[in-house]
Amino acid sequence: MRILVGFKTKVEEDFSGLEFSLINENKGDFTGVANAVGVNNVNGNANGVYNAVVGNGVGGNANGVYNAVGANDVRGNANGVYSAVGLNAVEGNANGVYSAGGVNLIFEKLRGLSIATINYTKKLRGVQIGVLNICGEDSKGVQIGVINYR
């Protein structure tokens, strides 16, 4: 296991271990714990625990626990627990619990729970709780909110 601490950490290959800095940048896959005052960014797949003030970004699939004051952005599929004051965005399928003060955007299928002011998913197989809940017609789940659109 490796430990990286600094103003900015930058790793060009796959990495397993701990990172603590203002900005954590990983070009390959990442497994471990990353804490950033600014941003955690992984170009490949990510597995582990990620905490950031500004946000967490993953270019591939993400599994684990992701916490951000700003946003969590996953370009692939996401599995786990995702919490953000601002935004959780998943371009692929999402399995787990997603909570945001602002918006949860899941562009494919959600299996699990989505809690936010605004929730959107293309295909719901779970529960959406919020002020505005939106899902596709081919959804099988429960929407609890002021405005529920299917």
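The legends below describe an overall view and several close-up views of a predicted model.

**Figure 1. Overall view of the predicted all-strand chain, with 13 strands and zero helices.** From the N terminus on, the order of elements is β-β-β-β-β-β-β-β-β-β-β-β-β. The C-alpha trace spans about 45 × 20 × 15 Å along its principal axes. The radius of gyration is 15 Å, which agrees with the value near 15 Å that a compact globule of 150 residues would have. Among contacts with a separation of 6 or more, residues 24 or more positions apart account for 0%.

**Figure 2. Surface and charges of the protein.** The protein exposes about 6,800 Å², and carbon and sulfur atoms supply 62% of that area. Of the 150 residues, 38% are buried. The protein carries 12 positive and 11 negative charges. The mean positions of these two sets of charges are 8 Å apart.

**Figure 3. The aromatic cluster.** Six aromatic pairs occur in the structure. Ring pairs join Phe-15, Phe-30, Tyr-50, Tyr-66, Tyr-82 and Tyr-98 into a cluster. A pair of aromatic rings is described by the distance of the centres and the angle of the planes. Two pairs from the model are shown in the next two views.

**Figure 4. Close-up of the stacked pair Tyr-50 and Tyr-66.** The ring centres of Tyr-50 and Tyr-66 lie 4.5 Å apart, with 5° between the planes. This pair links distant parts of the chain, as Tyr-50 belongs to strand β4 (residues 46-52) and Tyr-66 to strand β6 (residues 62-68). The two residues are 16 residues apart. Tyr-50 and Tyr-66 are both buried.

**Figure 5. Close-up of the stacked pair Tyr-82 and Tyr-98.** The centres of the Tyr-82 and Tyr-98 rings are 4.9 Å apart and their planes stand at 10°; planes under 30 degrees apart count as stacked, so this pair is stacked. Tyr-82 sits in strand β8 (residues 78-84) and Tyr-98 in strand β10 (residues 94-100), so the pair links parts of the chain 16 residues apart. Tyr-82 has a relative accessibility of 1% and therefore counts as buried. Tyr-98, at 0% relative accessibility, also counts as buried.

**Figure 6. Close-up of Ala-78 in strand β8.** The relative accessible area of Ala-78 is 0%; buried means under 20%, so Ala-78 is buried. Leaving out residues up to four places away in sequence, Ala-78 touches Ala-62, Val-90, Asn-93, Ala-94, Asn-95 and Tyr-98. One of these residues, Tyr-98, is also a member of the aromatic cluster. Leu-110 is 32 residues from Ala-78 along the chain, and the C-alpha atoms of Ala-78 and Leu-110 are separated by 9.6 Å.

**Figure 7. Close-up of Thr-9 in strand β1.** Strand β1 covers residues 2-11. Thr-9 has a relative accessible area of 5% and is therefore buried. Apart from neighbours within four places in sequence, the contacts of Thr-9 are Leu-4, Glu-19, Phe-20, Ser-21, Ile-23, Asn-24 and Glu-25. Thr-9 and Ser-139 are 130 residues apart in sequence. In space, the C-alpha atoms of Thr-9 and Ser-139 are 42 Å apart.

Technical notes: Residues are numbered from 1 along each chain as its sequence is written. This is a predicted model: local features need pLDDT of at least 70, side-chain atom pairs count only at pLDDT 80 or more; totals for chains, interfaces and linings use all residues. Side-chain values use heavy atoms; hydrogens and water are left out. Helices (H or I, at least four residues) and strands (E, at least two) are DSSP runs, numbered from the N terminus. The radius of gyration is taken over C-alpha atoms; the globule rule is 2.2 Å times the number of residues to the power 0.38. Buried means under 20% relative accessible area, exposed over 50%, partly exposed in between (1.4 Å probe, protein chains only). Contact means heavy atoms within 4.5 Å. Accessible areas come from the Shrake-Rupley method with a 1.4 Å probe; for residues, only the protein chains shown count as cover. Lys and Arg count as positive and Asp and Glu as negative; His and the chain ends are not counted. The place of a charge is taken as NZ of Lys, CZ of Arg, CG of Asp or CD of Glu. Rings of Phe, Tyr and Trp (its six-membered ring) pair if their centres lie within 6.5 Å; planes under 30 degrees apart count as stacked, over 60 as edge-to-face and the rest as tilted.
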